[in-house]
Amino acid sequence: MENHTETDPVQIRESDHYQEQYMEEFVDKWDELIDWDARAEGEGEFFVRELKKRNVKKVLDVATGTGYHSVLLKKHGIEVHSADGSMNMLNKAFANASKRGHILRTIHADWRWLNRDVHEDYDAVICLGNSFTHLFEERDRRKALAEFYSVLKYDGFLILDQRNYNAMLKHGFSSKHTYYYAGDNVKAEPEHLDEGLARFRYEFTDKSVYHLNMFPLDEKYTRRLMKEVGFQKIQTYGDFKETYKEDEADFLVHIAEKSYDQEK
Ligand SMILES: C[S@@+](CC[C@H](N)C(=O)[O-])C[C@H]1O[C@@H](n2cnc3c(N)ncnc32)[C@H](O)[C@@H]1O
């Protein structure tokens, strides 16, 4: 990993940077940003419903973060293993889950070499909270998707979400594009947007400021990559709805199926 202290932040466009970005103080603040109650209201039962509909019993949460979805699924009786490449995030997730009466089974693993650390198979892999956008190189995206694919059972699912960067690039950033699950105590907005970088700025009530550099994924491109690594059918939801206007949805959720239909 490079030392970025002297680098122009807008030039930092690399997949390994997430380790540095999720520093301990930011991780501690993350739950102010991602308010769990606001999030529960925004998402509703969407993920639990989609998983249960598909009879999913065992899930690998590959972007555990501070543990919101891992805890949610456990509360609904789904077995979850919680992976993340950031030890700071896993520590926070473990503590958050313990506070709520759950013990997380955590796995410290980078998506690009997930199979080095994950040795079981799953009905579903979830990669949520606009996480996949941390990968800047196409090679990394392909590798990560292939790793997700390979830890799934033969008929498993991948659920991966992303912000609707196309709409942002096309129409510019509007106040609508704040995180739908952000708490009131934080201002979250893009500071820089071009075809290769979305740099978000998070300002907290104590005036502390943090940034995340992310790759502005094109939704059709994401779907194409999923198909190319072997996923057969992909359904995309806009703001948790089956029917949505491409320009208006803020969050897109892709549900990709591994199951191979020999009749096609
Ligand atoms: C935006 S956070 C989202 C966390 C959580 N899913 C949520 O919705 O609140 C992205 C997470 O992805 C993890 N991450 C980013 N790149 C990764 C990689 N290459 N391998 C493993 N984890 C990664 C980060 O450490 C971070 O916890």
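# Briefing: a mixed seven-stranded sheet and its surroundings

Asp239 lies in the loop between strand 9 and strand 10, and in this predicted model the same loop also holds Phe240. The protein chain as a whole has 10 helices and 10 strands, and buried residues make up 38% of its 264 residues. Among the contacts in the chain with a separation of 6 or more, 68% are between residues 24 or more positions apart.

**The loop between strand 9 and strand 10**

- Asp239 has a phi near 45°, which is a positive value in a residue other than glycine.
- Phe240 likewise is not a glycine, and its phi is positive at about 70°.
- Most residues other than glycine have a negative phi.
- How many other C-beta atoms lie within 10 Å of Asp239, and how many of Phe240? For Asp239 there are 17, so this residue is classed as partly exposed, whereas Phe240 has 20 and is therefore buried, the threshold for burial being 20 or more.

**The seven-stranded sheet**

- Seven strands form an open sheet with mixed pairing, and their order is 3-2-1-4-5-10-9.
- Strand 3 and strand 9 (233-238) stand at the edges of this sheet, and because each has a single partner strand, one side of each is left without a neighbour in the sheet.
- From one strand to the next, the twist in this sheet averages 20°.
- Strands of a sheet pair through backbone hydrogen bonds, either parallel or antiparallel.

**Strands 1, 2 and 3 with their helices**

- Strand 1 (residues 58-61) pairs with strand 2 (residues 79-84) in the parallel sense over four bridges, and within this pairing Asp61 has Ser82 in strand 2 as its bridge partner.
- Strand 2 is also joined by four bridges to strand 3 (residues 105-108), again running parallel, and here the bridge partner of Asp84 is His108 in strand 3.
- Helix 5 (residues 68-75) makes a right-handed β-α-β unit together with strand 1 and strand 2; this helix lies across strand 1, strand 2 and strand 4, and runs at about 175° to strand 2.
- Helix 6 (residues 87-99) makes a right-handed β-α-β unit with strand 2 and strand 3; helix 6 lies across these two strands, running at about 175° to strand 3.

**Strands 4, 5, 10 and 9**

- Strand 5 (residues 152-163) is mostly covered, since nine of its 12 residues are buried.
- Strand 4 (residues 122-127) pairs with strand 5 in the parallel sense over five bridges, and the chain crosses from strand 4 to strand 5 through helix 8 (residues 138-150) in a right-handed β-α-β crossover.
- Val125 stands opposite Leu158 in strand 5, and Leu158 in turn has Ala256 in strand 10 as a bridge partner.
- Strand 5 and strand 10 (residues 251-257) run antiparallel and are joined by seven bridges.
- Strand 9 and strand 10 are likewise antiparallel, with six bridges between them; in this pairing, Gln235 has Ile255 in strand 10 as its bridge partner.

**The nonpolar core around Val125**

- Which residues have the most contacts inside the largest nonpolar core? They are Val62, Val125 and Ile159, in a core that has 56 residues.
- Leaving aside neighbours within four places in sequence, Val125 is in contact with Leu60, Val62, Phe148, Val151, Leu152 and Leu158. This list includes Val62, which is itself among the residues with the most contacts inside the core, and Leu158, which Val125 faces in strand 5.

**The three-stranded sheet**

- A further open sheet has three strands in the order 6-7-8, and its pairing is antiparallel.
- Its edge strands are strand 6 (186-194) and strand 8 (209-214), each of which pairs on one side only.
- Neighbouring strands of this sheet are turned against each other by 20° on average, with direction ignored.
- Strand 7 (residues 197-204) and strand 8 run antiparallel and are joined by six bridges, and Arg199 has Asn213 in strand 8 as its bridge partner.

Methods: Residues numbered from 1 in each chain as written. Predicted model: local features only at pLDDT ≥ 70, side-chain atom pairs only at ≥ 80, totals over all residues. Pairing = 2+ DSSP bridges. Right-handed = clockwise from strand over helix to strand, strands pointing away. Axes fitted to C-alpha atoms, helices over the stretch in contact; angles between N-to-C directions. Core = buried A, V, L, I, M, F, W, Y, C linked by C-beta atoms within 7 Å. Contact = placed C-beta atoms within 7 Å.
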